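Q: Please take a close look at the disulfides of this structure and at the strands that carry them. A connected description is wanted.

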Amino acid sequence: MDQKWWTPFLLLPVLITAWPARADIFQDQISISFPGYVIMKHAEFNSDVRDNLESNPAFLTGYFNHDDIEDFVALIRATAAKRYVTRQLMSNYHETRLVACHGSARKKYSCTLLLTGVTMASEYRYLVKRSPGRTNCRSDDGEYIQAETDFIGWASTKSWATGTGETQFIYQPDGSYRRCGDLN
């Protein structure tokens with residue numbers, strides 16, 4: 001049988017389709033840094049949030065530290081549900097965490113825990129990326145803090161009507177985040 005020069009390429013489509021699909025690198029990092037947690041999905045949020053935000057209210061990308069490498073922020077939840085029981089109420093909930101993960105040149109991330117909490121059915125909070133500039137946070141001398149990088153807003157639907165209800169997380173030179181604002 002005469003072999004043609006293109007014969008080895010006949011298997012290329014089979015090899016390409018058989019190659020395992022690359023998992024979400026962001027969820028991969030959460031699984032490594034916080035075993036048993038997943039990034040919350042758009043559908044898990046209250047209808048007020050879902051109907052007003054097109055993107056996932058639990059996930060942001062941006063440049064949250066000073067290295068010009070893309071970072072991400074995520075609201076993550078435990079995969080295992082817990083039960084909350086009182087005399088009047090019984091409800092399932094998931095432990096949640098707000099995390100910031102700073103990227104490196106090799107697409108690896110170092111994650112920092114910003115906030116822990118409990119999410120019960122209906123969640124009215126969501127993430128917002130704020131551009132560098134003036135924040136709602138004040139320094140010790142009373143001046144508003146100017147953020148040099150993107151910063152994180154952890155907002156509530158209450159803020160749509162009242163202008164309050166957002167906590168801000170601003171990256172600090174020592175690698176920590178300054179938290180200020182209203183957690184209500």
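A: A disulfide is taken here as a pair of cysteine sulfur atoms within 2.5 Å. In general terms, a disulfide is a covalent bond between the sulfur atoms of two cysteines. The model is a predicted one, in which local features need pLDDT of at least 70 and side-chain atom pairs count only at pLDDT 80 or more, while totals for chains, interfaces and linings use all residues. Residues are numbered from 1 along each chain as its sequence is written, and side-chain values use heavy atoms, with hydrogens and water left out.

Searching the whole structure gives two disulfides. With the bonded cysteines of the chain numbered in sequence order, they pair as 1-2, 3-4.

One disulfide connects Cys101 and Cys111, with an S to S distance of 2.1 Å. This link is right-handed, with 105° about the S-S bond. Cys101 belongs to strand 5 (residues 90–103) and Cys111 to strand 6 (residues 109–120), so the bond ties together parts that are 10 residues apart in sequence. Strands here are DSSP runs of E with at least two residues, and helices are runs of H or I with at least four, both numbered from the N terminus. Cys101 has 0% relative accessibility and counts as buried, whereas Cys111, at 22%, counts as partly exposed. Buried means under 20% relative accessible area, exposed over 50%, and partly exposed in between, with a 1.4 Å probe and protein chains only.

Another disulfide joins Cys137 to Cys180, with 1.4 Å from S to S. Its torsion about the S-S bond is about -65°, so the disulfide of Cys137 and Cys180 is left-handed. This pair links distant parts of the chain, 43 residues apart: Cys137 is in strand 8 and Cys180 in strand 12 (residues 177–181). Both Cys137 and Cys180 are buried.

Strand 8, the strand of Cys137, also has a partner. Strands count as paired if DSSP finds at least two bridges between them. Strand 8 (residues 133–138) and strand 9 run antiparallel and are joined by three bridges. Arg138 stands opposite Tyr144 of strand 9. The two strands, 8 and 9, form a hairpin with five residues between them, and Gly142 in the turn has a positive phi of about 90°. Strand 9 (residues 144–147) has Ile145 and Ala147 on its covered face, with Tyr144 and Gln146 on the uncovered one. Tyr144, the residue opposite Arg138, is thus placed on the uncovered face of strand 9.
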